[in-house]
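I am opening a notebook on this model. The entries follow the order in which I looked things up.

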Amino acid sequence: MANTKAAAKGAAKTGKIEDTEFHEFFVDELKDIYWAEKHLAKALPKLQKASTSPELAAAFEKHAVETEGHIATLEEVFELLEEKPVAKKCDAMAGLLEEANGIISDTDKGTMIRDAGLILAAQKVEHYEIATYGTLRVFAQNIGRDDVVELLTQTLENEKATDVALTEIAVGAVNAQAVSE
């Protein structure tokens with residue numbers, strides 16, 4: 001344990017912790033969210049196309065562009081950590097995207113009920129991303145990588161803003177219209 005603490009203390013000074021289990025875990029989780037973002041980028045156009053509300057479709061289109069930025073940011077994080085950007089299957093995102101596809105299958109095209117379901121599915125994704133980026137940011141803080149902290153914070157704030165925007169669409173019109181269908 002003392003060796004681990006000493007290694008972590010030394011790593012915090014240099015920003016290099018390549019040989020620790022924590023570093024391996026951190027990088028593994030970066031690979032997980034990298035896969036998640038790449039697959040979300042592929043799924044968002046389908047969610048956009050399935051949307052009834054032009055406002056919701058526009059939100060999905062905007063988030064697709066932002067997601068490409070998140071992918072680029074993660075690639076920058078990998079580069080800063082001197083790691084190869086490799087995706088590792090994210091079972092959580094795979095399940096969330098499968099659930100979104102189920103909502104599309106189980107609801108009628110052109111309804112606000114579908115939009116309400118799509119917002120639900122998208123917010124589940126956002127909350128997963130918020131939890132992941134928040135934790136990864138703390139990990140980066142713990143290893144003294146302020147450069148990585150800054151990048152992860154930008155993505156985290158963007159994910160939070162997307163969640164708020166989805167809530168505003170739901171509360172603004174979609175949910176009330178879905179109830180009356």
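**Entry 1: aromatic rings**

I start with the term I need. Rings of Phe, Tyr and Trp (its six-membered ring) pair if their centres lie within 6.5 Å. With that in hand, I note that Phe-22, Phe-25, Phe-26 and Phe-139 form one aromatic cluster. The model is a predicted one, and I read it as such.

I searched the whole structure for aromatic pairs and found four. One of them joins Phe-22 and Phe-139. Their centres are 5.0 Å apart, the planes make 70°, and the pair is edge-to-face. Phe-22 sits in helix 2 (residues 21-50) and Phe-139 in helix 5, so this pair links distant parts of the chain, 117 residues apart. Are the two rings buried or exposed? Phe-139 counts as buried, because its relative accessibility is 16% and buried means under 20%. Phe-22 is at 32% and is partly exposed.

Next I took Tyr-34 and Phe-78. Their ring centres are 5.5 Å apart and the planes stand at 75°, so I log this pair as edge-to-face. Tyr-34 belongs to helix 2 and Phe-78 to helix 3 (residues 54-80), so the pair ties together parts 44 residues apart in sequence. Both rings are out of the solvent by the numbers: Tyr-34 is buried at 4% relative accessibility, and Phe-78 is buried at 0%.

**Entry 2: the chain as a whole**

I stepped back to the fold. I count six helices and zero strands. The order from the N terminus is α-α-α-α-α-α. The C-alpha trace spans about 65 × 25 × 25 Å along its principal axes. Of the 181 residues, 45% are buried. I also checked contact range. Among contacts between residues at least 6 apart in sequence, 79% join residues at least 24 apart. The accessible surface comes to about 9500 Å². Carbon and sulfur atoms account for 55% of that surface.

**Entry 3: the nonpolar core**

In soluble globular proteins, nonpolar side chains tend to be buried together. I looked for that here. The largest nonpolar core has 50 residues. Those with the most contacts inside this core are Phe-26, Leu-30, Phe-60, Met-93, Leu-118 and Leu-152. Which helices supply at least two residues each? They are helix 2, helix 3, helix 4 (91-106), helix 5 and helix 6 (146-179). Helix 2 gives the largest share, 13 residues.

I followed Leu-152 further. Setting aside neighbours within four places in sequence, I find Leu-152 in contact with Phe-26, Leu-74, Val-77, Tyr-133, Leu-136, Arg-137 and Ala-140. Phe-26 is thus on record three ways: in the aromatic cluster, among the core residues with the most contacts, and as a contact of Leu-152.

**Entry 4: salt bridges**

How many salt bridges does a search of the whole structure find? I get five. I wrote up three of them.

- Lys-62 and Glu-66 meet at 3.4 Å, N to O. Both lie in helix 3, four residues apart, about one turn of the helix. Lys-62 is exposed at 54%, whereas Glu-66 is buried at 17%.
- Lys-124 bridges to Glu-99, with the closest N and O atoms 2.4 Å apart. Lys-124 is in helix 5 and Glu-99 in helix 4, so this pair links distant parts of the chain, 25 residues apart. Lys-124 is partly exposed at 33%. Glu-99 is also partly exposed, at 32%.
- Arg-145 and Asp-147 meet at 2.8 Å, N to O. Arg-145 is buried at 12%, and Asp-147 is partly exposed at 31%.

**Entry 5: a buried acid**

I closed with Glu-129, in helix 5 (residues 112-142). Glu-129 is buried yet has no salt bridge. Where is the nearest side chain of opposite charge? It is Lys-160, 13 Å away. A salt bridge needs nitrogen and oxygen within 4 Å.

What surrounds Glu-129, leaving aside neighbours within four places in sequence? I list contacts with Ile-33, Glu-37, Leu-40, His-63, Met-93 and Glu-159. Met-93 is also one of the core residues with the most contacts.

How values were computed
Residues are numbered from 1 along each chain as its sequence is written. This is a predicted model: local features need pLDDT of at least 70, side-chain atom pairs count only at pLDDT 80 or more; totals for chains, interfaces and linings use all residues. Side-chain values use heavy atoms; hydrogens and water are left out. Buried means under 20% relative accessible area, exposed over 50%, partly exposed in between (1.4 Å probe, protein chains only). Lys and Arg count as positive and Asp and Glu as negative; His and the chain ends are not counted. Contact means heavy atoms within 4.5 Å. Rings of Phe, Tyr and Trp (its six-membered ring) pair if their centres lie within 6.5 Å; planes under 30 degrees apart count as stacked, over 60 as edge-to-face and the rest as tilted. A nonpolar core is a set of buried Ala, Val, Leu, Ile, Met, Phe, Trp, Tyr and Cys residues joined through side-chain atoms within 4.5 Å. Accessible areas come from the Shrake-Rupley method with a 1.4 Å probe; for residues, only the protein chains shown count as cover.
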